[in-house]
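Please open the model in your viewer and keep the sequence panel beside it, since this tour moves from one selection to the next.

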Amino acid sequence: NSKEVLSLKNVSGQRAAYKVKTTHPAVFLVRPTCGIVAAEDTCDVDILRSSAPCGNINNVKFLIQSVIVQSADYNEGAMSPEELKDVAAEEFQKAKKEDIVQKKIEIHRDSTDVGPDVGSTNPSSSATMVQNPSNDYNDLKKKYDELVTYTVTLTNQRDKCENEVKNLRKKIRELENGKSTTDDPVVSKACTVM
């Protein structure tokens, strides 16, 4: 069995609940799988490689999720690790999907790697929890609104150009048929170009 440490840092100004999941829980045991980190604090999560056969596992993924703790009755100093785990689980159940921040970590193993070593990439890593999940949502919404505005502007410009082309073609047909009553130099130039 080998052990690596994943350090989670809460860079927000609020308490955050976290969960750590893996694609191969029988091979990589995560302890604790969830908990709470105080504002601007760090906690360590142990990743233990069990002695279970890992077969052809060349790619292991870890998912770290965090959400701001909303519970007012949370008191870290007076709670056992199990109670903290329960509070963290409740926070995730109550949270809206868009409020949950996620970070993925991939570990690639060499196909020749059969020893106790976890792989070619060390899972000891530092995962930073985003300061405020709603900022990510607001940033995405702002970018989306900018794209919509830009698309509307392009569509209006396209429509304007199509109308100009339509009018020019109409004036050209009139000139060709000798029905034009206008001496528009733009139309005359367009006729010589086409």
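Begin by selecting strand 2, which covers residues 16-22, and go to threonine 22, a member of that strand. In this predicted model, threonine 22 has a relative accessibility of 17%, and it counts as buried because that value is under the 20% cut-off.

Keep threonine 22 selected and display what surrounds it. Which residues is threonine 22 in contact with, once its neighbours within four places in sequence are left aside? They are Phe28, Val30, Val60, Lys61 and Phe62. For one of these, valine 60, you can also draw a distance between C-alpha atoms: the separation from threonine 22 is 7.2 Å, although the two residues are 38 residues apart along the chain.

Next, select helix 1, residues 81-94, and pick out aspartate 86 within it. Aspartate 86 has a relative accessibility of 44% and therefore counts as partly exposed. If you then add Glu82, Glu83 and Glu90 to the selection, you will have the residues that form a negative surface patch together with Asp86.

Finally, move to helix 2, which runs over residues 133-176, and select tyrosine 144 there. Is tyrosine 144 buried or exposed? With a relative accessible area of 53%, tyrosine 144 is exposed, because exposed residues are those over 50%. Add Val148 and Val152 to the selection, and you will see the nonpolar surface patch that these two form with Tyr144, with a combined accessible area of about 280 Å².

Technical notes. Residues numbered from 1 in each chain as written. Predicted model: local features only at pLDDT ≥ 70, side-chain atom pairs only at ≥ 80, totals over all residues. Heavy atoms only, no water. Patch = residues over 30% accessible without salt bridge, like charges linked within 9 Å, V, L, I, M, F, W, Y side chains within 5 Å. Areas by Shrake-Rupley, 256 points an atom, 1.4 Å probe, with all protein chains shown as cover. Salt bridge = Lys/Arg side-chain N within 4 Å of Asp/Glu carboxyl O. Lys, Arg positive; Asp, Glu negative; His and termini not counted. Charge placed at Lys NZ, Arg CZ, Asp CG, Glu CD. Helix = DSSP H or I, 4+ residues; strand = E, 2+ residues; numbered from the N terminus. Buried < 20%, exposed > 50% of the residue type's maximum accessible area, 1.4 Å probe, protein only. Contact = heavy atoms within 4.5 Å.
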